[in-house]
Every structure is written in C-alpha cells, then in structure tokens.
Amino acid sequence: MTDTTRRITRALLSVSDKTGLIEFARALAVHGVELVSTGGTAKAIAAAGLKVKDVSELTGFPEMMDGRVKTLHPKVHGGLLAIRDNKEHAAAMQAHGIAPIDLLVVNLYPFEATVEKGADFEECIENIDIGGPAMIRAAAKNHDDVAVIVEATDYQAVLDELAANKGATTLALRRRLAAKAYARTAAYDAAISNWFAKELKTEAPDFRAFGGRLIQKLRYGENPHQSAAFYATPEKRPGVATARQVQGKELSYNNINDTDAAYECIGEFDAKRTAACVIVKHANPCGVSEGADLVSAYRKALACDSTSAFGGIVAVNRTLDADAARAITEIFTEVIIAPDATDEAIKIVAAKKNLRLLLAGGLPDPRAVGLTAKTVAGGLLVQSRDNAVVDDMALKVVTKRAPSDAELRDLKFAFRVAKHVKSNTIIYAKDLATVGIGAGQMSRVDSARIAARKAQDAAAELKLAEPLTKGSVVASDAFFPFADGMLACIEAGATAVIQPGGSVRDDEVIKAADEHGIAMVFTSVRHFRH
C-alpha cells in the first residue's frame, strides 16, 4: 500500500454497551459518514435524531430468529473483507451490489456479565455472540482498509484521526485496533469455553484458554529487567484484582503477588467468628493471628517475626479501624488490604503517603471452586484451587493421648495457616497465633529448625524467658517421612501435632510421638504449595 490512510465513508455500529454511542455517532455524521446499524443500536441512534440505515436495508433480509441472524450476510462481510485495491474484489462488489464498510463498531453480547450474575444455562447460551465476533475478525483481518472498534474507550482515538486526516484513519491506528480486536474475541471465547467446561464438569478439556483484561501495565516484573502487566480474569473473587486502591504508590508486580497471598490466607478466617491478621513477606506469611479485635490480632501476628514484617503486606478480615491503622503504621508497611476501612482509619493511613491501602469489598471464599494456572517451558499447568478447609476435615487422633480442647483449637489454626505457606512447611502456633514459621525448605527437618530458631530470635527481641514454641502445637503441610522432623518440633517445645499422614513410616512417627507423650492427629489432606 502506498496510501496508508483510509477515508471512512460508511460505518456499521452494533453495540450492547451504548456508553458514548450517540456522541460518537453524531461526530461521525459531522464527518459525512453514513451510519448503518442493527436492532436496539439503530433505534437509539434514530431516537437521537440522526439518520441511520438499518442493516436489513443493506442486506435485503430482515432480522430473524430472535436476532440470531442479522449480520451474517455477504453484503456485510463482503463490505468488510473486500480489499479496496484489488480489481477482482472491486468487480465482485459492483456485480453483487456490495458497498464498502470502512468502520466497524461492535462490543459483544455481555456473556461474562451474564455468567457473573448467576444466569441459568439457557440465558448464558443466548448471550453468546455469533455475528459480532465474525464481523470483528473480518474487519480486523482487513485492517489495511477497515478500522474496527470493540470498546468505547477507543472512540476518541478514531475521532482524533478523522479530525487530523480529513476524515481518514492511519494504518498504524487500524493495526493497533485490529490487534486489540483479536485479543478481545480470544478472551471472549476463552470465557465461553471455560464456562462450558465447568458446566459439563470437564476437568481436562482438549483445549484450555485463559483471557484477561488489562488492569495496569507495571513498571517491571519480579526484577527491573523484566517487563510485566496485570490482567483481570472473568472470575470476580475479592482480592487485589477487584480492590479499590484508596491511596499510595502504584502497585508493583511483587506487591500484587504478595498482597494476593496475604488476602487468600486471611480469607480462611471467618470475620463473623473472629478478628484476624496476616502479615506476608515474599508471598509467605511471617505472622498470623486471631484476636478479640484487629489491633490485638495485628500485635500478636507481628510478635511472631517483627524483623520480616518490616516492609511487608498486612491483610485483615474486618473493616480496618483507627486503632488497627495506628498500630500497623508504626512500622514501614508496603500494603494494607482489608474488606473496608473507616473514615478515621483512612485518614490515619493517609499520613503515610506511599503506603498503599486497598479495599476489596469482601473476603475470598476459601471453599470456592476455581482454577489456578502456572506456566512451564512450552506448557501450562492448570489445577483446581486448593479449597480444602480444616473445619471440614475428619480429624483422626492416632496417638495414645488425644489433644486437649486448647491444643485442638490451635492445631486447626496452625493447619489453616500451613495451607498458605510454601512447602516444606512447619507452623508452630500458640493461643491462636503463629510463633514460628518454617517455609520453602528442601527438608522438613530444616523447616522445623528454622521456625524454632526464628521463635528464639523473637523471644530475645521481646525479652521473653523462653521461646513461645514451648507449649505450642505444630502443623506440617505434608506427612513426616521420618520421625526426625517431628522430633525437632518436640525439641522446640511442641506438645501436639497435626499432619496429613500417609507415610510408609507413619507407625514409626506415631511411636515416637507416644514415647514423648505427644498428641497427634491426621487430616488425610495435604497442603503442598510450590
């Protein structure tokens, strides 16, 4: 092509979201663009006093089958796909009375929103757009000649070019719009295919696609030399992707990853039952606690490892109040995330201008089904979310001594936390607070020893006579393959253990527990987290 600008003489508009439609249509008319439209879009344009041709006038066929068939016609697709400089295409257009369409404006039936509101199967099916994606793909393929808009945010960019180029668009803009159009239809089809897989209870469909919408382009990824961006998926799970950022610097890649880890963990604690706080550093909890109120929960969580908490992420499960806000802002914190916050708490946090405050509007449901995905070289690992909750597990006492009521309460708490710590995981807990956390070690014995050592450091900082692991309980995310890991926990002062069980040496581990008068329960559920 020598002339990369293309004048818009005719536009086809068919939108479910009519935001900005009339203003855009009016501006096109000022540039002498003929307006063609469908159904409700045509009625809206006509009601605004603008001249518009119904698509049925263009095709010679009425809309039929409840609107399922209206744009699937050669006079529509020929007008979009014809290469303007191709003599054979031009001859075919003339022979069959096909007029060119230079601009397509389509946003798709609201399938994702229909699913989100809990519509039944038939209503979801009716909100699968057919003609829209077909037209979008046709216009995007022929972007040398046709501009395509799939959302209202691009109206102004097109109008700016029409003003600057005497009613024409540039190839650069048309290519950018085409790329966006294909991404939109891909995300749309991904949402439909994943919905179908869920409805049909197909755990491993032959093809799996994920789509998302850009939330923000990030400054960099895990490290400054890596590029990154943050996308929202159709799943409306309360968390960092849905939260309103009240204040603070732009979130980084690591901030988002750590905040997600903190909020998923805090979701384990029912706000109606207890106040709770989770402090996270590098995607691992470094302190978790329940309390009578948020400020007491925070202080107990902080006591577990105040050194690691510096520059960390704090998540709470209730509306952030002034007392908790004051306590949290006493040390450097990167992010606070809560379901909501009082006006007074927001003012207190505002004094720390770089501190991000996120309000998620609710808590994630730890029992909810869903998918998680991880990339590997040349592939994608997809699994169901770990939605096992300790309250639903049939705990089995395997030792001679059963745990006391207080021990059992702390055991459940510890196992709740272990679910959200990188494997191998050892959690020491006492009085509904973590007192030692060992995470991400190649050996479970090392995790036990590291957690105990961190408890010793915390005791020294708090000027305690002995580490809080004395008289604590311990949780392991997976079975003890040998008795040595459990013996390290007993040496640190643990009196009761919760673990999945399932090792070929379970009898050896149980025998060692009995020899030390330790109570142990099996969950039969593992919480590996890699």
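**Exercise 1. The cavity**

How many cavities of 30 Å³ or more does a search of the whole structure find? Work out also which residues line the largest cavity.

*Solution.* Keep in mind that this is a predicted model.

Step 1. Searching the whole structure turns up one cavity of 30 Å³ or more. The space in the largest cavity comes to about 40 Å³.

Step 2. Now look at the walls. The lining consists of Ala303, Cys304, Val435, Ala455, Ala458, Ala459, Leu462, Leu464 and Leu468.

Step 3. Sort these residues by character: nine are nonpolar, while no polar and no charged residues take part in the lining of the largest cavity.

Step 4. Assign the lining to elements. Helix H12 (294-304) and helix H17 (444-462) each bring at least two residues to the lining of the largest cavity. H17 gives the most, with four residues.

**Exercise 2. One lining residue in detail**

Is leucine 462 buried, partly exposed or exposed? Find its element and its distance in space from cysteine 304.

*Solution.* Step 1. Leucine 462 belongs to helix H17, and Leu462 is among the residues that line the largest cavity.

Step 2. Buried means under 20% relative accessible area and exposed means over 50%. Leucine 462 has 40% relative accessibility, so this residue counts as partly exposed.

Step 3. Along the chain, leucine 462 and cysteine 304 are 158 residues apart, yet 9.9 Å separates their C-alpha atoms. Cys304 is also one of the lining residues of the largest cavity.

**Exercise 3. A pocket**

Which residues lie nearest the centre of the second largest pocket? Describe the composition of its lining as well.

*Solution.* Step 1. The second largest pocket has a volume of about 840 Å³, and 28 residues line it. Nearest its centre lie Glu112, Glu151, Arg184, Ala187 and Arg213.

Step 2. Two or more lining residues come from each of these elements: helix H6 (111-116), helix H10 (171-199), strand S8 (213-218) and strand S9 (228-232). H10 gives the most to the lining of this pocket, with six residues.

Step 3. By character, the lining of the second largest pocket splits into 13 nonpolar, six polar and nine charged residues.

**Exercise 4. Two helix pairs**

Describe how H18 packs beside H19 and how H1 packs beside H9, giving the angle and the handedness of each crossing.

*Solution.* Step 1. Choose the right descriptors. Two packed helices are described by the angle between their axes and the distance between the axes.

Step 2. Begin with helix H18 (residues 483-492) and helix H19 (residues 506-515): their axes come within 9 Å and cross at roughly 25°. Angles under 35 degrees count as roughly parallel, so H18 is roughly parallel to H19. The crossing of H18 past H19 is right-handed.

Step 3. Turn to helix H1 (residues 21-30) and helix H9 (residues 155-164). Here the axes come within 11 Å and the crossing angle is roughly 15°. H1 and H9 are therefore roughly parallel to each other, and they cross in a left-handed way.

**Exercise 5. Backbone details in the loops**

Where does lysine 201 lie, and what is its phi? Treat aspartate 431, asparagine 424 and glycine 362 in the same exercise.

*Solution.* Step 1. Lysine 201 sits in the loop between H10 and S8. Its phi is near 55°, a positive value in a residue other than glycine. Because its relative accessibility is 73%, lysine 201 counts as exposed.

Step 2. Aspartate 431 is in the loop between S19 and strand S20 (434-438). Phi of aspartate 431 is near 55°, positive in a residue other than glycine. With 46% relative accessibility, aspartate 431 counts as partly exposed.

Step 3. Asparagine 424 is placed in the loop between helix H16 (405-418) and strand S19 (426-429). The peptide bond leading from serine 423 to asparagine 424 is cis, with omega near -5°.

Step 4. Glycine 362 is in the loop between strand S15 (356-359) and strand S16 (371-376). Its relative accessibility is 16%, so glycine 362 counts as buried. From glycine 362 to aspartate 340, the C-alpha to C-alpha distance is 7.8 Å, with their positions 22 residues apart in sequence.

**Exercise 6. The whole chain**

How many helices and strands are there in the chain? Add its span and its buried share.

*Solution.* Step 1. Count the elements: the chain has 19 helices and 23 strands.

Step 2. The C-alpha trace spans about 95 × 50 × 40 Å along its principal axes.

Step 3. The chain has 530 residues, and 49% of them count as buried.

Conventions
Residues are numbered from 1 along each chain as its sequence is written. This is a predicted model: local features need pLDDT of at least 70, side-chain atom pairs count only at pLDDT 80 or more; totals for chains, interfaces and linings use all residues. Side-chain values use heavy atoms; hydrogens and water are left out. On a 1 Å grid over the protein atoms alone, a cavity is a set of points where a 1.4 Å probe fits but cannot get out, and a pocket is an open set with protein on both sides within 12 Å along at least five of seven lines; lining residues have an atom within 4 Å of a point. Grid points are joined across faces, edges and corners, and a volume is the space filled by probe spheres set on the points. Ala, Val, Leu, Ile, Met, Phe, Trp, Tyr, Cys and Pro count as nonpolar, Asp, Glu, Lys and Arg as charged, and the others, Gly among them, as polar. Buried means under 20% relative accessible area, exposed over 50%, partly exposed in between (1.4 Å probe, protein chains only). Axes are lines fitted to C-alpha atoms, for helices over the stretch in contact, and angles run from 0 to 180 degrees between N-to-C directions. Angles under 35 degrees count as roughly parallel, over 145 as roughly antiparallel, 65 to 115 as roughly perpendicular and the rest as oblique. A crossing is left-handed if the near helix is turned anticlockwise from the far one by less than a right angle, and right-handed if clockwise.
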